[in-house]
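Visitor: I should be grateful for a close look at a single part of this structure. Please take one helix and the space beside it, and set them in the context of the whole.

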Amino acid sequence: MTTSIRGTAVPGARAADGGDPDEARGAALAVPCARAAGWRLVASCAGPVAIGAGTPRVPPAAGAGRGRRTAAMAARLRRLSHALIAVPFTLGYTLVLLGTGLYTHLGDPGTVRDLLVGSSTDVAHLSQRPLLTLVVSALWAVGGITSPYLLAFPLVLGALERRVGAVRTAGVFLLGHVLATLLTELPVAASVAVGHLPASSLRRLDYGVSYGLIACAAALAGLLPPRRRWALLGGIGLALAAGSLVDIDPLTGWGHAFALLIGVVCWPYIRRNARWRPSSNGGDGAGRRFAHSERVSGNT
């Protein structure tokens, strides 16, 4: 005789009706299982079933995904903070350029014009206060907050500073800024003195970080594998050629060319003091090779 539990026939449920006692014990075990979990667990008590047929699914914790995202964001913020700490010169200088760039757009136009004229590295200002003029002229980016120089500045100087340090990066920048300015303005002063140029040539609007930036970009190229090196130099050359079509001032074009040459001249010094540089085999996939100058030296 059989007894149905939730639609499932359990053989031998009553031994008194002449059923097998073993079947009665099996039925007695099946009844609580059926009451607890339904017919699928009855089958698991009575015999083997498919794996996972009666295994309850536990949903994942609701906060697990948020915890992973928070941990990933914290890791990215730590990497960003470490990267910024590693380039203090670039970070500080970029903040200064952002501040002056915002002022050129938000400040009084007349005051901004007077500040830019007073910061110009022309012959008149260089002859009166050379050091102050050279420093102040490098606090502005041509074009203000929308200047393409403001975008390239942290990328180029940050990459160079990670390889050679803050002091050497500042040295290359100042060398390019100062020498390129003098190499373009001193010939103007000489030409005015001998009468080849009018006296009005002593005053012109010339300011910005382009000379120092180009010198640093050219110096950085010396630390790259050959193909990337010449690609970077070629890109700089094309950008300068395109800029010369927009800016008709020949002195600025000559200044950019001098700055590029100054950066290339710095290659031996930069390579000697680099923290790492590519292997000499010249492959793009070559691993980084640490320079001997990682040891403490007196060169700055």
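Guide: What follows is an account of helix α10 and its surroundings, with a few other sites added afterwards. The model is a predicted one.

The whole chain comes first, as background. The secondary structure of the protein comes to 13 helices and four strands. Of its 300 residues, 35% count as buried. When contacts between residues at least 6 apart in sequence are taken, 69% of them join residues at least 24 apart.

Against that background stands α10, which runs from residue 210 to residue 221. The helix has twelve residues, and at 1.5 Å a residue these should span 16 Å; the C-alpha atoms at its two ends are 16 Å apart, so the expected and the modelled spans agree. Burial is the next point: twelve of the twelve residues of α10 are buried. The buried residues include Ser-210 and Tyr-211 at the start, Gly-212, Leu-213 and Ile-214 after them, and Leu-220 and Ala-221 at the end. The remaining members of the buried set are Ala-215, Cys-216, Ala-217, Ala-218 and Ala-219. The cover over these residues includes α8, α9, α11, α12 and α13, the last of which comprises residues 267-272.

Ile-214 shows how this helix meets its surroundings. This residue is found in α10 and has a relative accessible area of 7%; because the limit for buried is under 20%, Ile-214 counts as buried. Leaving aside neighbours within four places in sequence, Ile-214 is in contact with Ile-236, Leu-240, His-256, Ala-259 and Leu-260. Of these partners, Ile-236 and Leu-240 fall within the range of α11, residues 226-246, while His-256, Ala-259 and Leu-260 fall within that of α12, residues 250-265. The C-alpha atom of Ile-214 is also separated by 8.4 Å from that of Phe-173, although the two residues are 41 apart along the chain.

Ile-214 leads directly to the largest pocket. About 840 Å³ of space lies in this pocket, and its lining consists of 36 residues. Those that lie nearest the centre are Tyr-149, Ser-210, Ile-214, Leu-240 and His-256. Leu-240 and His-256 thus appear both beside the pocket centre and among the contacts of Ile-214. At least two lining residues come from each of α8 (148-164), α9 (166-194), α10, α11 and α12. The greatest contribution is that of α11, which gives eight residues. By class, the lining has 20 nonpolar, twelve polar and four charged residues.

The same helix holds Cys-216, one of its buried residues. The structure holds zero disulfides. Cys-216 is in none, and the nearest cysteine sulfur, that of Cys-266, is 8.6 Å away. Because a disulfide requires two cysteine sulfur atoms within 2.5 Å, a separation of 8.6 Å excludes this pair. The relative accessible area of Cys-216 is 0%, which places it among the buried residues. Cys-266 likewise takes part in no disulfide, its nearest cysteine sulfur being that of Cys-216. Cys-266 is buried as well, with a relative accessible area of 9%.

Three further sites lie outside α10. Thr-94 lies in helix α4, residues 88-106, and is buried, with a relative accessible area of 12%. Residues up to four places away in sequence not being counted, Thr-94 touches Phe-153 and Pro-154. The C-alpha atoms of Thr-94 and Leu-150 are separated by 7.6 Å, the two residues being 56 apart along the chain. Phe-153, Pro-154 and Leu-150 fall within the range 148-164 of α8, a helix that also supplies residues to the pocket lining.

Ala-189 is found in α9. With a relative accessible area of 26%, Ala-189 is partly exposed. Beyond its neighbours within four places in sequence, it is in contact with Val-123 and Leu-202. Its C-alpha atom is separated by 9.1 Å from that of Ala-199, ten residues away along the chain.

His-125, finally, is found in helix α6, residues 123-128. At 6% relative accessibility, His-125 counts as buried. Apart from neighbours within four places in sequence, its contacts are Val-117, Gly-118, Ser-120, Pro-130, Thr-133 and Arg-203.

Conventions:
Residues numbered from 1 in each chain as written. Predicted model: local features only at pLDDT ≥ 70, side-chain atom pairs only at ≥ 80, totals over all residues. Heavy atoms only, no water. Buried < 20%, exposed > 50% of the residue type's maximum accessible area, 1.4 Å probe, protein only. 1 Å grid on protein atoms, 1.4 Å probe; cavity = no way out; pocket = protein on both sides within 12 Å on 5 of 7 lines; lining within 4 Å. Points joined across faces, edges and corners; volume = space filled by probe spheres on them. Nonpolar A, V, L, I, M, F, W, Y, C, P; charged D, E, K, R; others polar. Contact = heavy atoms within 4.5 Å. Expected span 1.5 Å × (residues − 1).
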